[in-house]
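This report describes selected parts of one protein structure for a reader who has not seen it before. The sequence and the structure come first, and the description follows.

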Amino acid sequence: MVKIATCFHCGEPNPQNTPYQVTINGQPQDMCCPGCEAIAQTIVDSGLTSYYSHRSATAEKSPSLIPEELQQLEYYDIDQIQADFVEHHEKINEITLTIEGITCAACAWLIEKKLRFLPGLQFINVNTTQHRALIKWDNSQLKLSTILKEIQKIGYKAYPFQVNKQEALYTEQSKSYLRRLGLAGLATMQVMMFAIALYADFFSDMETEFINYFRWVSLILATPVLLYSAQPFYINAWRNLRNVSLGMDVPISIALLGAYCASAYATVVGRGEVYFESISMFTFLLLLGRLLELRARRKASETSSNLLRLLPAMATRLEDIQHPEKQSIIPAKTLQIGETILIKAGETIPIDGIILTGESHIEESMLTGEHIPVNKGKNAQVYAGTVNVSSPLTVRVDKLAENTLIADIIHLQDVAQLNKPRIEILADKVSRYFVATLLIISALTYIGWSVIAPEQAFWITLSVLVATCPCALSLATPTALTCATAQLNKQGILIKQHHASDTL
């Protein structure tokens with residue numbers, strides 16, 4: 001069998017006679033294309049070669065930017081474009097980026113280490129759970145387009161976080177999991193019926209041809225589950241092993257493939273036990289757990305987007321306060337400080353401001369939780385997202401859209417979710433060594449039971465692999481913290497610092 005050479009950076013097959021190579025840790029490594037060669041060389045030149053030692057999955061293939069794309073990145077330096085997604089704090093700018101291509105904690109480490117060499121960068125934190133990065137920089141020394149280009153150079157694609165794009169990504173992931181989960185669920189129900197019939201053989205004799213028939217049908221039904229539904233586990237496990245790293249999908253894959261191969265062998269030779277129902281059920285439950293984890297993160301991220309939906313897209317601007325009939329409808333985010341707007345009864349206030357004329361009741365439950373409207377008159381402060389209940393008001397804008405109180409609340413939520421608490425950092429470290437320890441324990445279990453009861457050694461070893469999978473460390477910790485932050489936000493409690501949950 002001819003072994004196909006693969007790209008050391010992205011893992012894709014190398015075309016024949018590929019000339020692209022990069023020396024990494026003293027060894028020449030083949031690359032599949034100029035893009036991967038350039039990215040790998042950038043990583044080596046930056047002194048970040050240890051990325052390849054610690055990554056648990058290969059990088060996604062990323063073609064080099066063409067001049068037109070480079071020019072498009074420079075558009076992000078325009079102030080009017082930045083107004084939608086950049087926070088300005090004196091000389092320091094702040095942005096949340098969505099980063100495509102993150103597959104493991106080593107990816108986050110690589111991005112953080114690479115960007116910290118940039119002059120003017122004040123802070124960076126990459127969240128592997130949400131695939132986002134919080135970045136602060138000095139705009140007089142560093143441009144946003146430079147940050148995006150540097151991320152692109154090491155093989156990732158970054159762009160300002162936008163709720164609609166994030167929703168599309170979540171929808172695509174959910175559909176993929178649902179398809180795999182649906183197949184696993186249907187197959188599990190069918191295989192379970194045949195398993196019950198086989199178990200019934202313990203209490204009453206069953207003819208051999210019926211036993212073989214039930215086993216062969218179970219084999220046929222379990223095969224698509226193993227090949228399609230469980231595919232994400234194999235892909236992640238293969239990436240881990242290929243990069244000399246251990247992830248939680250390694251013991252899962254060993255358990256699934258081991259149980260299937262042993263059961264298939266027992267079916268073919270006509271002796272021994274089969275566990276096709278266990279394979280199907282285990283795959284179903286694992287996929288269900290990951291789907292629930294994905295939806296939990298999605299609901300948590302929806303907290304901020306739900307607040308954004310409270311704001312109206314348009315506002316009524318008065319051209320001349322002495323002539324109220326002279327008015328125009330404009331996008332609310334384009335309002336400038338000092339302009340005057342008209343808020344009709346029943347409308348949602350689009351921006352923070354001061355009442356110039358009129359008196360009305362304002363419903364501020366989205367800020368205070370109190371549903372009884374508050375009476376406000378001339379010179380009173382009103383806030384974006386609150387509702388003018390009873391009478392028309394003219395309001396002078398005193399804050400830009402990105403500096404309103406509701407924008408500050410959303411910003412606090414995002415910062416709290418992007419920062420990693422100590423317990424999550426500890427869980428990431430522990431889980432790396434946990435899998436190696438688990439595999440050693442499984443090997444010792446097999447050796448021990450081979451002496452005590454050889455016929456049970458294989459199945460007990462598989463049980464150890466399944467029961468001790470570190471999903472709780474790797475998945476449950478960040479998910480629980482993300483959901484806790486979202487639930488506290490709903491109760492009116494905002495977490496400003498990431499260590500607050502640990503201390504509590």
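Is the crossing of helix 8 and helix 10 left-handed or right-handed? The crossing of these two helices is left-handed. The model is a predicted one, and the values below are computed from it.

**The helix pair**

Helix 8 covers residues 208–229 and helix 10 covers residues 249–269. Their axes come within 10 Å and cross at roughly 155°. Angles over 145 degrees count as roughly antiparallel, so helix 8 is roughly antiparallel to helix 10. On the helix 8 side, the residues that meet helix 10 are Arg215, Trp216, Leu219, Thr223 and Leu226. Helix 10 meets them with Leu256, Leu257, Tyr260, Ala264, Ala266, Thr267 and Val268. Sorted by class, this contact of helix 8 with helix 10 has nine nonpolar, two polar and one charged residues.

**The six-stranded sheet**

Another part of the model is an open sheet of six strands, in the order 9-8-10-16-11-14 and with antiparallel pairing. Strand 9 (327–331) and strand 14 (381–382) are the edge strands, each pairing on one side only. Within the sheet, strand 11 (residues 353–357) and strand 16 (residues 393–397) pair in the antiparallel sense over four bridges. In this pair, Thr357 stands opposite Thr394 in strand 16.

**Two asparagines with positive phi**

Most residues other than glycine have a negative phi. Asn25 has a positive phi although it is not a glycine, and Asn379 also has a positive phi without being a glycine. The table sets out the two residues.

| Residue | Phi | Location | Relative accessibility |
|---|---|---|---|
| Asn25 | about 55° | loop between strand 1 (21–24) and strand 2 | 55%, exposed |
| Asn379 | about 70° | loop between strand 13 (374–376) and strand 14 | 57%, exposed |

The loop that holds Asn379 runs between strand 13 and strand 14, and strand 14 is an edge strand of the six-stranded sheet.

**Pro28 in strand 2**

The loop with Asn25 lies between strand 1 and strand 2. Strand 2 spans residues 27–30 and contains Pro28. Is Pro28 buried, partly exposed or exposed? Pro28 counts as partly exposed, because its relative accessibility is 48% and exposed means over 50%. Leaving aside neighbours within four places in sequence, Pro28 is in contact with Gln21, Val22 and Thr23. Pro28 and Phe8 are 20 residues apart along the chain, and their C-alpha atoms are separated by 9.8 Å.

Terms used
Residues are numbered from 1 along each chain as its sequence is written. This is a predicted model: local features need pLDDT of at least 70, side-chain atom pairs count only at pLDDT 80 or more; totals for chains, interfaces and linings use all residues. Side-chain values use heavy atoms; hydrogens and water are left out. Buried means under 20% relative accessible area, exposed over 50%, partly exposed in between (1.4 Å probe, protein chains only). Contact means heavy atoms within 4.5 Å. Axes are lines fitted to C-alpha atoms, for helices over the stretch in contact, and angles run from 0 to 180 degrees between N-to-C directions. Angles under 35 degrees count as roughly parallel, over 145 as roughly antiparallel, 65 to 115 as roughly perpendicular and the rest as oblique. A crossing is left-handed if the near helix is turned anticlockwise from the far one by less than a right angle, and right-handed if clockwise. Ala, Val, Leu, Ile, Met, Phe, Trp, Tyr, Cys and Pro count as nonpolar, Asp, Glu, Lys and Arg as charged, and the others, Gly among them, as polar. Two strands pair if DSSP finds at least two bridges between them.
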